Amino acid sequence: MTEPTTTRQLRGVGIGLGVAQGPVARMSEPLPPPGDAPSELTADEESARVKEAVAAVARELEQRGTQAGGAAQDVLEAQAMMAEDPSLADEIGTRLAQGRTGEWAVFDAFASFRDQLTAMGGYLGERAADLDDVAQRVIAHLRGLPAPGVPDPGHPFVLVAKDLAPADTALLDLDKVLALVTTEGGPTSHTAILAREKSIVAVVGAVAATGLREGETVIVDAAAGVVTTDPTAEELERAENRASARAAAVSAPITDGALSDGTPVPLLANLGNPDGAADAVALGAEGVGLFRTEFLFLSSAQAPTVEQQREAYTKLLAAFPGKKVVVRVLDAGADKPLAFLNDAHEENPALGLRGIRALRASEDILREQLTALAEADAATAADLWVMAPMVATVEEAVYFTDLARDYGVKTAGVMVEVPSSALLADRILSYSDFASIGTNDLTQYTLAADRLLGSVASFQDPWHPAVLRLIREVGDAGRTNAKPVGICGEAAADPLLAVVLVGLGATSLSMAPTALADVRATLLQHSLDDARVIAEAALAADDAASARTAAQDAATR
Amino acid sequence: MPSISRTVRIGSAHGLHARPAKLFAQAAKDAGIPITVAKDSGSPVNAASILGVIALGVEQGDYVTLVADGDGAEAALDTLAELLTTDHDAEA
């Protein structure tokens with residue numbers, strides 16, 4: 001007799017809709033710190049050992065960097081340089097000269113740098129973890145032990161870890177990973193981002209998973225946010241069937257986004273660069289719901305010329321003939337400061353001169369951007385929509401809409417990211433042609449929690465009923481004014497939340513192109529009436545977690 | 001040969017950590033001569049030390065002073081100053 005189902009279910013937050021089963025392999029625990037016994041070797045002998053070890057570790061990190069490529073390669077090459085850092089070598093040398101062992105000298109020298117970084121906090125504090133990883137590798141090499149980190153049991157496995165660092169994920173052989181389970185970290189953790197990007201089944205923040213044994217078989221159900229231990233034969237078979245049904249759905253022919261009753265819900269792509277257009281089209285994007293123009297600006301000390309901008313916009317629009325492309329004018333400030341727009345130091349940049357406020361203060365930049373967009377529109381067959389970021393007042397919406405129309409933009413709208421504009425969406429949509437809800441910023445402003453600050457990350461959940469109520473305001477305003485209301489931001493990529501958003505009145509959804517297949521498949525399972533019932537269930541909850549559970553229950557009824 | 005110095009303003013949006021710090025320390029190491037970097041009027045650190053460079057905590061808009069000594073010091077500082085004033089995170 002197996003135990004009752006509930007005690008075999010470990011709850012966490014599921015990423016995506018997948019289900020997978022397999023044997024557990026745990027991320028190895030950190031090595032115990034070396035003791036400070038005097039060395040039995042001479043300082044020169046210890047020094048030679050350490051030199052050999054840091055070089056070996058540096059070469060291995062570099063080699064893994066070459067294998068991984070991309071952003072991971074930079075992280076790994078930086079780690080290789082940390083291993084062979086000359087200041088670190090001096091610190092190690094001082095300790096060896098005092099008769100310490102190589103292991104202890106490495107441990108203690110790394111720790112002194114680590115403490116410096118940790119004390120500086122923020123981004124530098126996070127780099128302390130990279131340094132720890134290098135120290136662990138060097139000490140493991142000195143002891144003749146395998147480097148701690150990602151396991152390689154030689155067969156496909158369910159990886160169980162506290163959370164994955166970027167360096168870990170770079171080393172992961174994704175072909176062998178059946179699913180990811182973490183005991184810490186939430187929906188915005190590195191693990192969750194990796195899982196979404198690579199479509200890996202994942203349950204994050206499953207605290208009880210610390211008790212999972214190496215090699216035991218589990219079912220990881222991301223749709224339910226549950227890890228099942230000691231699964232019965234029947235449970236395994238059901239999971240297997242669901243996994244193959246889902247594989248079939250994902251490889252099913254791409255259709256336009258729609259609900260089960262035929263209500264169309266266009267599925268659009270979020271893009272940050274015209275180069276991503278071809279991939280988005282291949283994954284079935286019916287257009288672009290958010291094109292971020294920052295990439296054109298971030299690289300330069302001055303704004304790009306009208307000609308440079310026109311060329312980039314034309315390239316983008318040409319990839320979507322006859323389709324909708326929503327371009328957001330420059331959104332600078334807060335997490336993406338631009339010196340030529342606003343170089344004043346702000347105590348609180350998220351509440352500062354950013355978005356449309358910054359553009360208004362440098363209106364020439366906005367006017368040039370609108371000129372370039374209108375020219376690119378005239379030269380291509382796409383349906384160009386243009387919107388302004390961070391609109392907080394009706395007056396700003398009127399200002400932008402009028403200015404954009406002056407330049408010949410046919411469809412001018414605003415992003416709803418500030419609670420004030422959600423609450424006055426009925427007024428805003430009587431002027432503007434459309435609204436697009438940026439759920440990440442809307443969540444940050446509604447819950448007054450800086451989305452870049454780790455200590456308040458738990459507030460950054462778009463399932464929060466307060467956020468959903470604001471979205472409902474915008475949805476209602478769209479209906480009464482007969483204007484479209486789109487969603488862009490992480491929220492639309494969560495398949496169940498996507499259904500809720502449609503139930504709240506969203507008329508199109510825009511997301512990372514890799515999320516399109518799951519969202520498309522989920523929308524097809526529910527009618528508009530279902531979506532409204534599921535949305536009502538979520539709206540009635542007290543907090544984000546219970547809203548998610550309530551929506552899950554309503555969706556499976 | 002006297003040592004030469006130069007003060008520059010940081011252009012990278014991420015200051016002098018992560019990728020910019022790596023590129024900078026790598027270039028300083030490749031120069032093959034002693035080079036130091038200091039933030040404002042702080043104490044100088046070995047520019048070839050990625051850890052030392054990161055620990056300066058240099059942000060975009062900060063001023064740093066480079067000092068180089070030896071053959072090719074002028075050219076080495078040109079390269080490093082160029083690195084520091086460009087925004088390397090732009091393409092990421």
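At roughly what angle do the axes of helix α11 and helix α13 of chain A cross, and within what distance do they come? In this predicted model, the axes of α11 (residues 306–318) and α13 (residues 363–379) of chain A come within 8 Å and cross at roughly 40°. Since an angle under 35 degrees would count as roughly parallel and one of 65 to 115 as roughly perpendicular, α11(A) and α13(A) are therefore described as oblique to each other. The crossing in which α11(A) passes α13(A) is right-handed.

On the α11(A) side, the contact is formed by V306(A), Q309(A), R310(A), Y313(A), T314(A) and L317(A). Their counterparts in α13(A) are E368(A), Q369(A), T371(A), A372(A), L373(A), E375(A), A376(A), D377(A) and A379(A). Taken by residue class, the contact of α11(A) with α13(A) comprises seven nonpolar, four polar and four charged residues.

The two chains can be set out side by side.

| Chain | Residues | Helices and strands | Buried residues | Contacts at 24 or more positions apart, as a share of those 6 or more apart |
|---|---|---|---|---|
| Chain A | 557 residues | 22 helices, 16 strands | 49% | 66% |
| Chain B | 92 residues | three helices, four strands | 45% | 70% |

For chain B, the order of these elements along the sequence is β-α-β-β-α-β-α, a pattern that accounts for its three helices and four strands.

Each chain also offers a loop residue with an unusual sign of phi to examine. In chain A, A448(A) has a phi near 50°, which is a positive value in a residue other than glycine, and the loop that holds A448(A) runs between α17 (439–446) and α18 (465–481). A448(A) counts as exposed because it has 11 C-beta neighbours inside 10 Å, where the cut-off for an exposed residue is 12 or fewer.

In chain B, D40(B) is likewise not a glycine and has a positive phi of about 50°. D40(B) is placed in the loop between β2 (35–39) and β3 (45–46) of chain B, and because 11 C-beta neighbours lie inside 10 Å of D40(B), this residue counts as exposed.

Conventions: Residues numbered from 1 in each chain as written. Chains lettered and ligands numbered in written order. Predicted model: local features only at pLDDT ≥ 70, side-chain atom pairs only at ≥ 80, totals over all residues. Helix = DSSP H or I, 4+ residues; strand = E, 2+ residues; numbered from the N terminus. Buried ≥ 20, exposed ≤ 12 C-beta atoms within 10 Å, placed from the backbone. Contact = placed C-beta atoms within 7 Å. Axes fitted to C-alpha atoms, helices over the stretch in contact; angles between N-to-C directions. Parallel < 35°, antiparallel > 145°, perpendicular 65-115°, else oblique. Left-handed = near helix turned anticlockwise from the far one by under 90°. Nonpolar A, V, L, I, M, F, W, Y, C, P; charged D, E, K, R; others polar.
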